[in-house]
Number of protein chains: 2
Amino acid sequence: MLSGLRVVEGSAFVAAPLGGLALAQLGADVIRFDTIGGGLDYKRWPVTDEGVSLYWAGLNKGKRSIAIDLSRDEGRELATELITAPGDDAGVFLSNFPAQGWLADDALRVRRRDLVYLNIIGNPDGSTAVDYTVNASSGIATATGPVGSLLPVNHTLPAWDIATGLNAAIGLLAAERQRRTTGEGQFISLSLADVAFTMVANLGFLAQAQLMHENRPPLGNDMYGAFGRDFATRDGRRVMVVAISLNQWRTLVRATGIEEHLPQIERAFQADFTKEEDRYRARDAIAALMKPWFEARTLDEVRKTLDEQGVCWGPYQTFTQLVDDDWRASTENTLFGMVAHPGIGPLLTPASPLRFAETPNEPPASAPLLGTHTDEVLHQVLGLSAHDIGRLHDDGIVASAASADHT
Amino acid sequence: MLSGLRVVEGSAFVAAPLGGLALAQLGADVIRFDTIGGGLDYKRWPVTDEGVSLYWAGLNKGKRSIAIDLSRDEGRELATELITAPGDDAGVFLSNFPAQGWLADDALRVRRRDLVYLNIIGNPDGSTAVDYTVNASSGIATATGPVGSLLPVNHTLPAWDIATGLNAAIGLLAAERQRRTTGEGQFISLSLADVAFTMVANLGFLAQAQLMHENRPPLGNDMYGAFGRDFATRDGRRVMVVAISLNQWRTLVRATGIEEHLPQIERAFQADFTKEEDRYRARDAIAALMKPWFEARTLDEVRKTLDEQGVCWGPYQTFTQLVDDDWRASTENTLFGMVAHPGIGPLLTPASPLRFAETPNEPPASAPLLGTHTDEVLHQVLGLSAHDIGRLHDDGIVASAASADHT
């Protein structure tokens, strides 16, 4: 879908690599440069017994890797040439390194005036922030966790990194689109804190706080404003059921057989269960009616009835249960393939979640080892000769996969 | 940035409206059509005392709204004409309605062959799923919450809806880019479950489960694989501190004054605290050393020292604290403006988090009332005369803001 587009990535951790991944999985040629030995994220946990990072392997799939000694001027010059290399479909740079010194926008733009450069930062004033610190301040942690909890609960998913990485891909595509019309480049700044705080505003949390001075409390696993709750099954599993639309509500009532008792509950709560907000208000009573149905059935029995009735629900699963039991995260799902990763072995590996009907989708790809494409990129993108490339190796300015891994 | 691009949106809830919002906030002309009276999300909580949905207002900012009776053939024909209207920058459709009947890809594509149509679904097989049910099955809920928790903990942030909406914007921009080169349209399917399960694979959770049969346990508010933890302050507030890089670690040690005690802890744990994984392994001991420093200081005192030392940290805040105390979610941040929303009043309103240096950014905008732009869109996009538009109103096929709100 994006074949031909070349993106250079200078990055570490989640957000920027994820933005590059989203583009690589759509067929863009994403070239990630790292310093020889790898950046701060090259050995991040989880790692295999041999110390290979599953985290790095996950976030750099389908990219090309070049290893350059970025502490030396000659290495920085090579990276600069890569970032600013000519070509209508090139000159797109994604980074979360400080946009200072040799990576300052001015320093790069004198080499390519129409560069599209997106820089990910922590706070909008340039000070440090990461997903965890931004989340703490976003309000979300105080609305997460058990009912009545007085302590904030962090979510484990790095949701703000994810939203920032995907926003980065949007920003690059939007600016590259504009460049194709106007010929003009762009410097784009994107802060984790801005992503988080604009999003809690988009979702109405801030408006509720501003207008009604209301902080949404932690609701356990309940959904806010509708009927959604988790239940235990007879065999010690748990399920999440959700009834937002009237149709979802009716199928859930029918499946769990509580229909005859609802009018009494409606009277007791002066509620009308055709209304979403009334189902939310009386949710504890509704859940108490439903609970025995789930407790009397195994997960398989629950699954059978809920699926037959078309209820919106899902089983809670651990990661191993997801991999072992769920076809949606298996090679039965065409987005996933069993792909050999260098240094790791075969891994269940996803492609982009975007399925294009009219175009072959990019197949799942592995991540490169650090420096796998060093020589190829130097030759193909920068036009260096075998002789020049040999000299760069001899001088320790670049390294390829066999030798890039030394710190 | 995207001015000129026209996107038609037929949507409800979070993911699809959020995808449209991301494009509208970059200047695209996003026209959302709804049935007269509003869709399932038009009255979603939180609502004002007058029943106006802050949720709807947050997710539809900067869009145009047209209200059409979608239960009648004539209304569906109007919506079809809107979706398939001519123009190089038009013919882009985003929806989470079932792609069936009049919204089937075939039915629309006979009217505009090069349509770019992205359809958001629940599961990849087309069955129902929402953020909550997908999250339950993703494994993430079993890795969230207090240490030792045996029950899954849902995150309150609709993270999978967010990731799906942003992926939708990426998919539309990528396909529209391809159309400009090849002239070809595209049907794109995007499932919430695929977004979630490919993402837990991207982040290494699935690889860890597959290769090492390991399920990451809930870690409370600790960060995995590095030193990151929350602490209480003397005045009853809490802060999150993070030390990933060696530099972040050293500034945190210096700020909290624990340096002299670290060698003993290192010996006791056979650890080398220049290594990230050793700091993670000995995190409870490290935290026990730091805890008294935080407990002896107010949040303001903590803030002063940590900021001076350049520590990566953030205070936990409720939504009201975020709105009242944090400049990053205030009009001091140029991304936010105080904008009057019809039916609500002035709201702290964000623009896109993407800051473009070379182009004026789109200012924060309010959401329309349902049907605000009905006549304008019918005239401007479909070329209908005042007479024709009047007839559609008389027949109840369309409604404008004053009358669209009736159910």
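What average pLDDT does chain A reach, and what share of its residues score at least 70? In this predicted model, chain A averages a pLDDT (the predictor's confidence in each residue, from 0 to 100) of 96, and 99% of the residues score at least 70. The model scores ipTM 0.97 and pTM 0.97. Residues are numbered from 1 along each chain as its sequence is written, while chains are lettered from A and ligands numbered from 1 in the order in which they are written. Local features need pLDDT of at least 70 and side-chain atom pairs count only at pLDDT 80 or more, whereas totals for chains, interfaces and linings use all residues, and side-chain values use heavy atoms, with hydrogens and water left out.

**Interface of chains A and B**

- Chain B and chain A each bring 144 residues to the contact, where contact means heavy atoms within 4.5 Å.
- The area buried between the two chains, that is, the accessible area (1.4 Å probe) lost on putting them together, summed over both, is about 12,400 Å², with carbon and sulfur atoms giving 68% of it.
- B:Trp45, B:Arg177 and B:Phe319 supply 7% of the area that chain B buries against chain A, more than any other three residues.
- Eight salt bridges (a side-chain nitrogen of Lys or Arg within 4 Å of a carboxyl oxygen of Asp or Glu) are found across the interface, and one of them joins B:Glu276 to A:Arg44 at 2.9 Å, N to O.
- Helix H6 (residues 159-182) of chain B gives 17 residues, the largest share of the side of chain B that touches chain A; helices (H or I, at least four residues) and strands (E, at least two) are DSSP runs numbered from the N terminus.

**Sheet and strand pairing**

- An open sheet of eight strands with mixed pairing runs in the order E13(A)-E3(A)-E2(A)-E1(A)-E4(A)-E5(A)-E6(A)-E12(B), two strands being paired if DSSP finds at least two bridges between them.
- Its edge strands, each pairing on one side only, are E13 (398-399) of chain A and E12 of chain B.
- At the chain B edge, strand E6 (residues 186-191) of chain A pairs with strand E12 (residues 354-356) of chain B in the antiparallel sense over three bridges, with A:Ser189 and B:Arg355 as bridge partners.
- At the other edge, strand E3 (residues 64-68) of chain A and E13(A) run antiparallel and are joined by two bridges, A:Ile68 having A:Val398 as its partner.
- Strands E10 (residues 336-341) and E11 (residues 345-350) of chain A run antiparallel with six bridges; they form a hairpin with three residues between them, where A:Gly343 in the turn has a positive phi of about 85°.

**Salt bridges over all chains**

- The count over all chains comes to 58 salt bridges, including the one between A:Glu9 and A:Lys63, whose closest N and O atoms are 2.9 Å apart.
- Because A:Glu9 lies in strand E1 (residues 6-10) of chain A and A:Lys63 in the loop between helix H2 (54-59) and E3 of chain A, the pair ties together parts that are 54 residues apart in sequence.

**Backbone features**

- Most residues other than glycine have a negative phi, and most peptide bonds are trans.
- A cis peptide bond with omega of about -5° joins A:Trp45 and A:Pro46, and a cis bond with omega of about -5° also joins B:Trp45 and B:Pro46.
- A:Phe13, in the loop between E1 and helix H1 (15-24) of chain A, has a positive phi of about 65° although it is not a glycine.
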